[in-house]
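Got your viewer open and a hand on the mouse? Let's take a walk through this model, one selection at a time.

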Amino acid sequence: MADHSVSRRLPVWWEAAHKFLEMQKIDASRTSIGSEHIDGATQMSATDGTSGGEAQAGDVQGQIGFGRLVALMSSPDMPKSFGSPFLGAVVVPELGLEPMLVPSPARVQDADRCPAIPGFLNDLLRERAARQFWRRLHDGDPSPILITQGDSWLHYPVWRRDIADRLSGCCNVLPVGRTFERPEQLAPGLRDVIANLKRYGREPAAYVLSIGASTILSDAFAVAGFSDPVPASGFPLPNYQSLIERYIRGIRAVSPGLRIAIHGYGRFIPMDGWLSAAMIGAGLRESIARERFGIGVGDAVVTTLSRFGAPDGQGASPGVFVIDNRDLLTERRDWADEVHPSEEVCDLIADRMVEILRLNGGLE
């Protein structure tokens, strides 16, 4: 019988990922995932939420100082993709699966000036998007307002078009929260947002959540047992369920009638990266077992979310809309990597979210 105690939950998969990094001769505290983008600007394939006519990443050549990088990343007039030549990204599994931006020493002269605050540069991009939101609102943009909070499915840094980028085409999208923020930190900031919107005579149409990937995987590794990776009763995800409950409670405490849209994560497909290594290290040595594990985790997420809401918002917590994406993530081509959808699938998820909210009165 596997040890399912809470104290064992994180090390089970972190130790396996750590060993994989050592085999790859990579710094074992972080996994580089962005170095291939550093030497050349990889432009996004579609709009990233900015209007036309802004400066492009190619307008800035050679090296720049860290202060200049911060100023340009913070500017609402710059496209999100501007930073791609000047940034790398790391994943620190102990913090979460969101790619954490770091300055490239090859392109940023004083890269060591970057504050040692996890997610500092990611938060600059969120603040830039927030400035764009308030500018659109001040200019009289009548688009429906979506408040968004969450991980890199919703807000992917610089190299890919994400769900929020797609949503910004039909809605005015305001990101709130910070990287690695706890649910308990939500309420004070949300009260301020609601109050500021009221000064413009506006209210948000919905609150969009994309949260919990790290918690989901930790829970699943803790309870799987690995002799049979998909228990007959399904994966219990107690920590993920608690996380969702705390977010809903925090939002409802500030705005009781606000619609909440939460998306599932799909069926994960192992692709010989750190997640596959973690599965192998935890005992899933056959590829079919790893595939079944990924399917089981994806199904368990939707099962957990269904305890709170439903696609039509008429579940146990009225006004909580659950977006099931399992049918959109069935092939390797649907995934950009082991835990992030392709740009095309991000578009489809956003379109589904908009359609569900529109059909149920959330978007005019």
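## Stop 1: two helices side by side

Start by selecting helix α6 (residues 213-223) and helix α7 (residues 238-254), which pack at an angle of about 150° with their axes 7 Å apart. Axes here are lines fitted to C-alpha atoms, for helices over the stretch in contact, and angles run from 0 to 180 degrees between N-to-C directions. That makes α6 and α7 roughly antiparallel to each other (angles under 35 degrees count as roughly parallel, over 145 as roughly antiparallel, 65 to 115 as roughly perpendicular and the rest as oblique). The names come from DSSP: helices are H or I runs of at least four residues, strands are E runs of at least two, and both are numbered from the N terminus.

Before you click on, note that this is a predicted model: local features need pLDDT of at least 70 and side-chain atom pairs count only at pLDDT 80 or more, while totals for chains, interfaces and linings use all residues. Residues are numbered from 1 along each chain as its sequence is written, and side-chain values use heavy atoms, with hydrogens and water left out.

Which residues make the contact between α6 and α7? Show Thr215, Ile216 and Asp219 on α6, then Pro238, Asn239, Tyr240 and Leu243 on α7. Contact means heavy atoms within 4.5 Å. Colour them by type and you get four nonpolar, two polar and one charged (Ala, Val, Leu, Ile, Met, Phe, Trp, Tyr, Cys and Pro count as nonpolar, Asp, Glu, Lys and Arg as charged, and the others, Gly among them, as polar).

## Stop 2: the sheet

Now switch to the strands. Look for an open sheet of five strands in the order β5-β4-β6-β7-β8, with parallel pairing. Two strands pair if DSSP finds at least two bridges between them. Strands of a sheet pair through backbone hydrogen bonds, either parallel or antiparallel. At the edges sit β5 (172-175) and β8 (320-323), each pairing on one side only. Turn the sheet and look for its twist, which averages 25° from one strand to the next.

Keep α7 visible too: the helix packs on the sheet, touching β4 (145-150), β6, β7 and β8, and its direction makes about 160° with that of β7.

Next, zoom in on β4. Are its residues buried or exposed? Six of its six residues are buried (buried means under 20% relative accessible area, exposed over 50%, partly exposed in between, with a 1.4 Å probe and protein chains only). In a regular strand the side chains alternate between the two faces of the sheet. On β4, Ile145, Ile147 and Gln149 point one way, while Leu146, Thr148 and Gly150 point the other.

Click on Leu146 and look to both neighbouring strands. Its bridge partner in β5 is Val173, and in β6 Leu146 stands opposite Ala206. β4 and β5 share four bridges, and five bridges join β4 to β6.

## Stop 3: the core

Leave Leu146 selected and add Ile163, Phe235, Phe293 and Met353: in the largest nonpolar core, of 80 residues, these five touch the most other members. A nonpolar core is a set of buried Ala, Val, Leu, Ile, Met, Phe, Trp, Tyr and Cys residues joined through side-chain atoms within 4.5 Å. Helix α10 (residues 343-359) gives the most to this core, with eight residues.

What does Met353 touch? Light up Ile163, Leu167, Val208, Ala261, His263 and Ile323; residues up to four places away in sequence are not counted. Apart from this core lies another one, of 21 residues, among them Ile64, Phe66, Leu124 and Trp159.

## Stop 4: helices and loops

Phe66 also belongs to helix α2 (residues 66-74), where Leu69, Val70, Leu72, Met73 and Ser74 are buried as well. The buried residues of α2 pack against β2 (87-91), β3 (100-103) and α3 (120-138).

Jump to helix α8 (residues 274-281), where six of the eight residues are buried. After α8 comes Gly283, with a positive phi near 115°.

To finish, compare two residues other than glycine that have positive phi: Val158, near 55°, and Asp272, near 65°. Val158 sits in the loop between β4 and α4 (163-167) and is buried, at 0% relative accessibility. Asp272 is in the loop between β7 and α8 and is exposed, at 61%.
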